[in-house]
Amino acid sequence: MTASGRLQRVYVEITNVCNLRCRFCPGTQRAAAFMDPAFFGRVLEQVAPLTGQICLHVLGEPLLHPKFPEIMERCAASGIEVNLTTNGLLLERRAELLLTAPALRQVNFSLQALRTPDGFDRDALERILAFCLQATRLRPELYFNLRLWTLDDRHDPMLDDFNAPVLDLVAQRLGIARPAPPAGRKSLRLLGRVYLHADTVFDWPGGLTGEARAQGFCHALSTHCAILADGTVCPCCLDADGRLALGNLHESSLADILASPRARAMGRGFARGELTEEVCRHCTYCRRFQSKAQRLHATHRAQRKHSEEASWTTTAVPPATPSRD
């Protein structure tokens, strides 16, 4: 957490059930679950002192939740803003609600989920773009991210057999030139607050395979934490199976869980560029932050060296004899 004890966001998985089985998604061994709205309300009470924003996502499609309207009502009543991630296939069912939900701040559409064996789901993308245009007129304060996390690297020109026709349709429906993000940049504003968000293929952290690393950095517990559909609290928004479970909100408070010895040890480790958990040592996603980890490690070494030198100086130089005058 920050020095003020605040987080930028908390991920709340209201369901781990999805209407798609995307090849980039790891799925989960957990039992299918939909978070009870009453329990969700108790979650919000504990989240509110820590952040003003929740992200309705870890796994699952949040628009599938049968009581999604009540979920959004509870968010509005708590004063917490909602960042929603969806594949957009259920947009027609929820469009009216989303256009009027006061808690909604941002919608992320995972366009890579629209891939089909022979191209992409054109009808679904048409509905997504029509919704963005309607929302831009009715609620210009809302943000929309059209996510294309399909690149081999960030300098990819995005002109393969999937990206090119997707971008052509985006251009046609929004009345703009074909989007072309500058090399190395993720985000490009298309229209109003509608953005294209281009990134490399999403790689969920795997199991305890490959070479383990002692040094590394993650934003877990400094900018965010995650709460799974069964109430399990995890430090990381990518912990799809709760392997780093810190506790459960059915049994302990969020404040106590985040103040637990294990959570504090993880947070201190990340701040020093050190990975204290075996799962983290094998995490491939941590490598995105490798340069930051190296800087943190170098800083920590310098601080430790300075501390050791100061200690040596204090013990090696005799203290001055007090004056008797």
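What span should the twelve residues of helix α5 have, and how far apart are its end C-alpha atoms? The legends below take up this point and others for a predicted model.

**View 1. The length of helix α5 in the predicted model.** Helix α5 comprises residues 163–174. At 1.5 Å a residue, its twelve residues should span 16 Å, and the end C-alpha atoms are 16 Å apart, so the expected and computed values agree. Just after the helix, Gly175 adopts a positive phi of about 70°.

**View 2. The buried residues of helix α5 and their surroundings.** The buried residues of α5 are Asn163, Ala164, Val166, Leu167, Leu169, Val170, Ala171 and Leu174. These residues pack against one helix segment, α4 (122–138). They also pack against the strands β6 (119–120), β7 (143–151), β8 (187–191) and β9 (194–200).

**View 3. The open sheet of ten strands.** The strands follow the order β8-β9-β7-β4-β3-β2-β1-β10-β11-β12, and their pairing is mixed. At the edges stand β8 and β12 (247–248), each of which pairs on one side only. Strands of a sheet pair through backbone hydrogen bonds, in either a parallel or an antiparallel manner.

**View 4. Strands β2 and β3, with helix α2.** Strand β2 (residues 53–56) pairs with strand β3 (residues 81–86) in the parallel sense, over four bridges. Within this pair, Leu56 is placed opposite Leu84 of β3. Helix α2 (residues 68–78) packs on the sheet and touches β2, β3 and β4 (104–110). The direction of α2 makes about 165° with that of β2.

**View 5. Helix α4 on the sheet.** Helix α4 lies across the strands β4, β7, β8 and β9. With respect to β7, the helix runs at about 150°. The buried residues of α5 also pack against α4.

**View 6. The surroundings of Thr223.** Thr223 is located in the loop between β9 and β10 (224–227). Is Thr223 buried or exposed? Its relative accessibility is 12%, and residues under 20% are classed as buried, so Thr223 counts as buried. Leaving aside residues up to four places away in sequence, Thr223 touches Leu7, Gln8 and Arg9.

**View 7. The chain as a whole.** The chain contains nine helices and twelve strands. Of its 325 residues, 47% count as buried. Among contacts between residues at least 6 apart in sequence, 68% join residues at least 24 apart. The accessible surface comes to about 16300 Å², and 51% of this surface belongs to carbon and sulfur atoms.

Methods. Residues are numbered from 1 along each chain as its sequence is written. This is a predicted model: local features need pLDDT of at least 70, side-chain atom pairs count only at pLDDT 80 or more; totals for chains, interfaces and linings use all residues. Side-chain values use heavy atoms; hydrogens and water are left out. Helices (H or I, at least four residues) and strands (E, at least two) are DSSP runs, numbered from the N terminus. The expected span of a helix is 1.5 Å times one less than its number of residues. Buried means under 20% relative accessible area, exposed over 50%, partly exposed in between (1.4 Å probe, protein chains only). Contact means heavy atoms within 4.5 Å. Two strands pair if DSSP finds at least two bridges between them. Axes are lines fitted to C-alpha atoms, for helices over the stretch in contact, and angles run from 0 to 180 degrees between N-to-C directions. Accessible areas come from the Shrake-Rupley method with a 1.4 Å probe; for residues, only the protein chains shown count as cover.
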